[in-house]
Amino acid sequence: MNQTMIVIHRGTHEIGGSCVELCSGGSRIVIDCGMPLVNPDGSEFNMGKYKGLTGPELVAKKILPAVEGLYEWQEPSVAGLLISHAHQDHYGFLNHIHPDIPVYMGEGTKRLIEITTLFSPTKILLKNPKPFAWPGEFTVGKFRVVPHLVDHSSFGAFAFEIEAEGKRVFYSGDFREHGYLGKTMKIIRDKCAPCVDALLMEGTMFGREEEPDMTEQQLADAAKVICLECPKGILVYQSGQNVSRAVSFYKAARASGRELVLDFYTAHVLAELGRCAGGKSLPYPGNLPGIRVWYPHFLTERMKKQGRQDIIDRFGKTPFFLSRKKMPECLDKLLVFVRPAMDFDLKRIEGIEGSTLIYSLWSGYREKGATKKFLDTAKSLGITERYLHTGGHATLKTLRGLVHTLKPKALIPVHTFHPEEYATFNAPLQQLKDGEVYDF
Ligand SMILES: [Zn+2]
């Protein structure tokens, strides 16, 4: 009898550190190799605490999941690794992967990982990347993999439909329906046959039901109102890699007669993704009108130190460049992207009091050291803070919709703190423990 096995190495009872292994006909693949977000006691995970430890030591401490034949110090026996999207809780342990193991990911994910390595202290070496085309399919060992584009707060995120020896598994990855690519759920409904043998589905929103779930378009409309109400500058703090959100604020800026002023990191992200499939209409200088670029002090210094004058010159030597000194002249016509560590710059923009700072991230980050300091500084400068955000994860209604579409023979919770809540989905529930083998 053919047997397929699933092992969720991490993620049956937590968000973050996703790692799933599939085995069929003697062939093994792994989906995601993320860094945890929390420790077993629920406190925030800090990789810095384990600096200097070898890979085997990290496995012994249960930081790296014990997947045989996946890591660089082992004999490679995993046919391939699939990365669903460019969030570190899904790819953060890539450096430990054996260089002979191909790593399949969307083109956007590859670019975002490269940009993170360029701009942040996190250095991820892509040793054997295999970007896949979409729409399409590919084979890894005995597995046929169909990537399904999904909407998420990371550009080019994918769910995977995986088939081997007559058994079909659907891995949702992180997804939502209330973004600009929400229609991809309809494509999945049309293209993906029901009655999958196993559905591994994220459930981030269980326990976060209070998080706003307006659509990105509704968020853009609300941002426009804030822009129109404010007599001074609009400052926006959002993730530089959340491309959909950048589109929303671009729409708000255009609709309220303001220019979008990207920091050069975000401008670089958008311009690079603009070269990927699906990136043609992203807001970056030269692609769409009404976009400028500014150069925050510390980020510019860091790039200089890294010897990357080319990155600075990319927009710095173009008509899109807007110096901090010029901002006071036209503050009421600007929507400027800012981030913690840019309080140095804010303090030096004359007449900034009376401006509005839109905080557009998960509210849970607000109490973090650098973010709190930044928000406090903004307040002390007479800047009013507004909260405007919508989640990057599927609402319970969307989750229910996917279960209804795929009609799984086994619904397996992953990437959730509340697996027991899946019982409400009216599907055969298979709750696993981390490391437990599920065969079918
Ligand atoms: Zn994610």
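What covers the buried residues of H12? In this predicted model, the cover includes strand S10 (167–171) and strand S11 (198–202). The buried residues in question are Leu 399, Leu 402 and Leu 406, in a helix that runs over residues 396–406. They sit on the same side of H12, because the arc they span around the axis is only 60°. That fits the usual helix geometry: an α-helix has 3.6 residues a turn, so residues three or four places apart point the same way. Right after H12 comes Lys 407, with a positive phi near 40°.

Zooming out, the domain assignment splits the protein into domain 1 (4–209 + 392–439) and domain 2 (216–387). Their centres, taken over C-alpha atoms, are 31 Å apart. Domain 1 and domain 2 put 15 residues each into the contact. On the domain 1 side, these break down into seven nonpolar, six polar and two charged residues.

Then there are the backbone oddities. Most residues other than glycine have a negative phi, and most peptide bonds are trans. Trp 134 and Pro 135, however, are joined by a cis peptide bond, with omega at about -5°; Pro 135 belongs to the loop between strand S6 (129–132) and strand S7 (138–140). The loop between strand S18 (411–414) and strand S19 (437–439) holds His 415, and Asn 426 lies between S18 and S19 as well. Phi is positive in His 415, near 55°, and in Asn 426, near 60°. Their surroundings are another matter: His 415 counts as buried because it has 30 C-beta neighbours inside 10 Å, whereas Asn 426, with 11 other C-beta atoms within 10 Å, is exposed.

Technical notes:
Residues are numbered from 1 along each chain as its sequence is written. This is a predicted model: local features need pLDDT of at least 70, side-chain atom pairs count only at pLDDT 80 or more; totals for chains, interfaces and linings use all residues. A residue is buried if 20 or more other C-beta atoms lie within 10 Å of its own, exposed if 12 or fewer, and partly exposed in between; C-beta atoms are placed from the backbone. Helices (H or I, at least four residues) and strands (E, at least two) are DSSP runs, numbered from the N terminus. The arc is that of the directions from the helix axis to the C-beta atoms. Two residues are in contact if their C-beta atoms, placed from the backbone, lie within 7 Å. Domain bounds come from an automatic or database domain assignment. Ala, Val, Leu, Ile, Met, Phe, Trp, Tyr, Cys and Pro count as nonpolar, Asp, Glu, Lys and Arg as charged, and the others, Gly among them, as polar.
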